[in-house]
Amino acid sequence: MCRNCGYKLWPSSQMASAAFLAWRSADPERLTASRFDLEVPRYVDNTVDFNARAHELGIHLFPNSNWPFIICFGLLFLGLAAIPFSSSTARIVLAIIGGVIFLYGVVGWVLIEDVRMYPSDAAHEPGPEAHH
């Protein structure tokens with residue numbers, strides 16, 4: 001018997017298709033079934049919380065950051081400035097643009113994001129006592 005059209009089980013492929021649609025609509029669990037499935041597919045949640053799993057295993061994951069892309073974008077312009085053009089003004093302009101973008105990325109990554117990730121302990125201590 002053909003699994004595709006139900007040959008020898010139904011008089012026509014249209015009737016086999018109508019029977020399959022009626023079977024599938026009779027039960028809400030069967031709505032995801034295809035006529036080629038040998039078993040009714042079951043929904044299984046395969047999502048994994050990698051941060052929680054890493055915490056269980058004792059692995060430290062850094063938070064996502066966009067600053068490395070900005071640094072690489074600045075390095076792109078600095079690399080373009082290294083190409084020997086006929087006019088030196090284009091190289092100087094590319095070097096300045098690349099340097100500004102590169103420094104913006106480094107300052108943002110080191111000063112802005114690092115301070116957010118690791119706040120200073122001095123702000124949390126309630127007095128003039130030294131931390132031991």
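Here is a walk through the fold as a whole, then a serine in a loop, then the aromatic rings.

Keep in mind that this is a predicted model. The protein chain is a helix-only affair in terms of regular elements: there are four helices and zero strands, so reading along the sequence by the definition of helices and strands gives you the pattern α-α-α-α. Of its 132 residues, 14% count as buried. The accessible surface comes to about 11100 Å², and carbon and sulfur atoms make up 64% of that. As for how the chain meets itself, take the contacts with a separation of 6 or more: 44% of them join residues 24 or more positions apart.

Now zoom in on Ser65. You'll find Ser65 in the loop between α2 (50–57) and α3 (67–81). Is this serine buried or exposed? Its relative accessibility is 18%, so Ser65 counts as buried, given that buried means under 20%. The side chain of Ser65 reaches the backbone nitrogen of Trp67, at a distance of 3.2 Å. Set aside the neighbours within four places in sequence, and Ser65 is in contact with Trp109 and Glu113.

Trp67 brings us to the aromatic rings. How many aromatic pairs does a search of the whole structure find? The count is two. One of them joins Trp67 and Tyr104: the ring centres sit 5.4 Å apart and the planes make an angle of 65 degrees, so this pair is edge-to-face. The cut-off at work here is that planes over 60 degrees apart count as edge-to-face. This pair links distant parts of the chain, since Trp67 belongs to helix α3 and Tyr104 to helix α4 (residues 88–117), with their positions 37 residues apart. Trp67 has a relative accessibility of 12%, and therefore counts as buried.

The other pair is made by Phe73 and Phe77, and it is edge-to-face too, with 5.1 Å from centre to centre and 85 degrees between the planes. Here both partners lie in helix α3, four residues apart, which is about one turn of the helix. What about their exposure? Phe77, at 18% relative accessibility, counts as buried. Phe73 comes in at 42%, so Phe73 counts as partly exposed, the label for values between the buried limit of 20% and the exposed limit of 50%.

Helix α3 is a handy place to end the tour: look there for Trp67, whose partner Tyr104 is in helix α4, and for the pair of Phe73 and Phe77.

How values were computed:
Residues are numbered from 1 along each chain as its sequence is written. This is a predicted model: local features need pLDDT of at least 70, side-chain atom pairs count only at pLDDT 80 or more; totals for chains, interfaces and linings use all residues. Side-chain values use heavy atoms; hydrogens and water are left out. Helices (H or I, at least four residues) and strands (E, at least two) are DSSP runs, numbered from the N terminus. Buried means under 20% relative accessible area, exposed over 50%, partly exposed in between (1.4 Å probe, protein chains only). Contact means heavy atoms within 4.5 Å. Accessible areas come from the Shrake-Rupley method with a 1.4 Å probe; for residues, only the protein chains shown count as cover. A polar contact is a pair of N or O atoms within 3.5 Å; within protein, one must be able to donate a hydrogen and the other to accept it, and residues adjacent in sequence count only if both atoms are side-chain atoms. Rings of Phe, Tyr and Trp (its six-membered ring) pair if their centres lie within 6.5 Å; planes under 30 degrees apart count as stacked, over 60 as edge-to-face and the rest as tilted.
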